Amino acid sequence: MGTPAYNLVNVKGEKKDLNEFEKKAFKNKNEAFCMEQLLPLPDHLIGKKDNSDEVLAFRETIYGSKWVAAFGLLIEKDETHLKYFFNSKYTKVNLDYIAAKYNKLGFTHVFVEIENRQNGVIEYAHGERSLKVTIPDGIMEWHITSQECTYLYIEELRHKFIHIQRTKPHIIESLEQTRSFKHYDFFELFERSAYLRDHENYYDTLYHIECDLGQGDLDYVRNEIFYRFRTNDICHREKFIKQNFLSFAKRDRYLNDLKKQSNENKS
């Protein structure tokens, strides 16, 4: 059914505007960032089949894919920002139209496309794209130890983009403006032990957040769109646990529970 891409979207703005956006984006507890809630189908497409040419063309243009996000989690929330983590199928979502519609808010979108072997960051301000950097796999050696399908990986990726923007802006400019990529070694830009030491609290917090994500009910693997983890049977739950963002400790706990459940069903 296709490899997921991973999206981290940080939304900033006034409290009133953020509250309105959060309510609009929310579909259910398993899909807190719903593209179809934020940008509904136009009237002339309502009632047409989901797989009709017109509906698929609209989704591909407006959402970035014929398939919308599989599930979404609201990771952080305060009076100044909302942070969402969610999957999309094959490629990142397209936030161009969302940023234009909700132009009182600012958006930072970090993505990892497993299928295309690339990651990057896109920023929006006042409804317009202000930055887009896409880095094919191998162009930038990030030295990130977390698995690339984890929340922790994409958070560290975001943090390093910010560092490079602030301290080595010429690198971002060269990646943004030209296709003749140089290979950049992150190790040469920031000595890793010092980098981790300076951000020890940040990564310690991230680790605990990622662990906490594994405490919730796995019912969100059952969803209403075309996605390979649509059912809640043992087989699909096991696939989801092995291949998604859960930390190692929580993953092993869930797998052990499933093994016990499977043995009980057989006996």
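Start your tour by selecting Arg-59, which sits in helix H3. This is a predicted model, so keep that in mind at every stop.

**Stop 1: Arg-59 and helix H3**

Is Arg-59 buried or exposed? Its relative accessible area is 10%, and because buried means under 20%, Arg-59 counts as buried. Now show its surroundings. Leaving out residues up to four places away in sequence, Arg-59 touches Glu-36, Asp-50, Gly-64, Ser-65 and Lys-66.

Next, widen the selection to residues 53–62, the whole of H3. Along this helix, Val-55, Phe-58, Arg-59 and Ile-62 are buried. Turn the view until you look down the axis of H3: these buried residues fall within an arc of 95 degrees, so they line one face of the helix. A general rule helps here: an α-helix has 3.6 residues a turn, so residues three or four places apart point the same way. Colour H2 and H4 as well, since both are included in what covers the buried residues of H3. Before moving on, click on Gly-64, which follows H3 and has a positive phi near 95 degrees. You have met Gly-64 already, as one of the residues that Arg-59 touches.

**Stop 2: helix H1**

Select residues 15–25 to bring up helix H1. Which residues of H1 are buried? They are Asp-17, Leu-18, Phe-21, Glu-22 and Ala-25. They cover an arc of only 135 degrees around the axis, which puts them on the same side of H1. Rotate to the face turned away from that buried side, and you will find the exposed residues Lys-16 and Lys-23.

What do the buried residues of H1 pack against? Show S1, helix H2 (35–38), S2, S3, H4 and S4, and you have the answer. Three of these names, S1, S2 and S3, lead to the next stop.

**Stop 3: strand S3 and its partners**

Select residues 81–89, strand S3. S3 is mostly covered, with nine of its nine residues buried. Show the side chains and compare the two directions. His-81, Lys-83, Phe-85, Asn-87 and Lys-89 point one way, while Leu-82, Tyr-84, Phe-86 and Ser-88 point the other way.

Now add the strands that pair with S3. Strand S1, residues 4–12, pairs with S3 in the antiparallel sense over nine bridges. To find your place in this pairing, select Leu-8, whose bridge partner in S3 is Phe-85.

Strand S2, residues 72–77, also pairs with S3 in the antiparallel sense, over five bridges. Here the pair to click on is Leu-74 and Tyr-84, which stand opposite each other. Follow the chain from S2 to S3 and you will pass through a hairpin of three residues.

**Stop 4: two loop residues with positive phi**

Move on to Tyr-90, in the loop between S3 and helix H4 (96–101). Tyr-90 is not a glycine, yet its phi is positive, at about 70 degrees. Its relative accessible area of 28% makes Tyr-90 partly exposed.

Then jump to Arg-117, in the loop between strand S4 (106–113) and S5. What is the phi of Arg-117? It is near 55 degrees, again a positive value in a residue other than glycine. Arg-117 is partly exposed too, at 36% relative accessibility.

**Stop 5: the largest pocket**

How can you picture empty space in a protein? Rolling a probe the size of a water molecule over the atoms shows where empty space is left.

The largest pocket in this model has a volume of about 310 Å³. To centre your view on the pocket, select Asn-10, Lys-12, Arg-158, Ile-162 and Arg-166, the closest to its centre of the 15 residues that line it. The elements that give two or more residues to this lining are S1, S3, strand S5 (118–125) and helix H5 (151–167). Which of them gives the largest share? That is H5, with seven residues. Colour the lining by residue type, and it divides into three nonpolar, six polar and six charged residues.

**Last stop: the whole chain**

Zoom out to take in all 267 residues, of which 48% count as buried. The chain holds 11 helices and eight strands. Finally, consider contacts between residues at least 6 apart in sequence: 63% of these join residues at least 24 apart.

How values were computed. Residues numbered from 1 in each chain as written. Predicted model: local features only at pLDDT ≥ 70, side-chain atom pairs only at ≥ 80, totals over all residues. Heavy atoms only, no water. Buried < 20%, exposed > 50% of the residue type's maximum accessible area, 1.4 Å probe, protein only. Helix = DSSP H or I, 4+ residues; strand = E, 2+ residues; numbered from the N terminus. Pairing = 2+ DSSP bridges. 1 Å grid on protein atoms, 1.4 Å probe; cavity = no way out; pocket = protein on both sides within 12 Å on 5 of 7 lines; lining within 4 Å. Points joined across faces, edges and corners; volume = space filled by probe spheres on them. Nonpolar A, V, L, I, M, F, W, Y, C, P; charged D, E, K, R; others polar. Arc of directions from axis to C-beta. Contact = heavy atoms within 4.5 Å.
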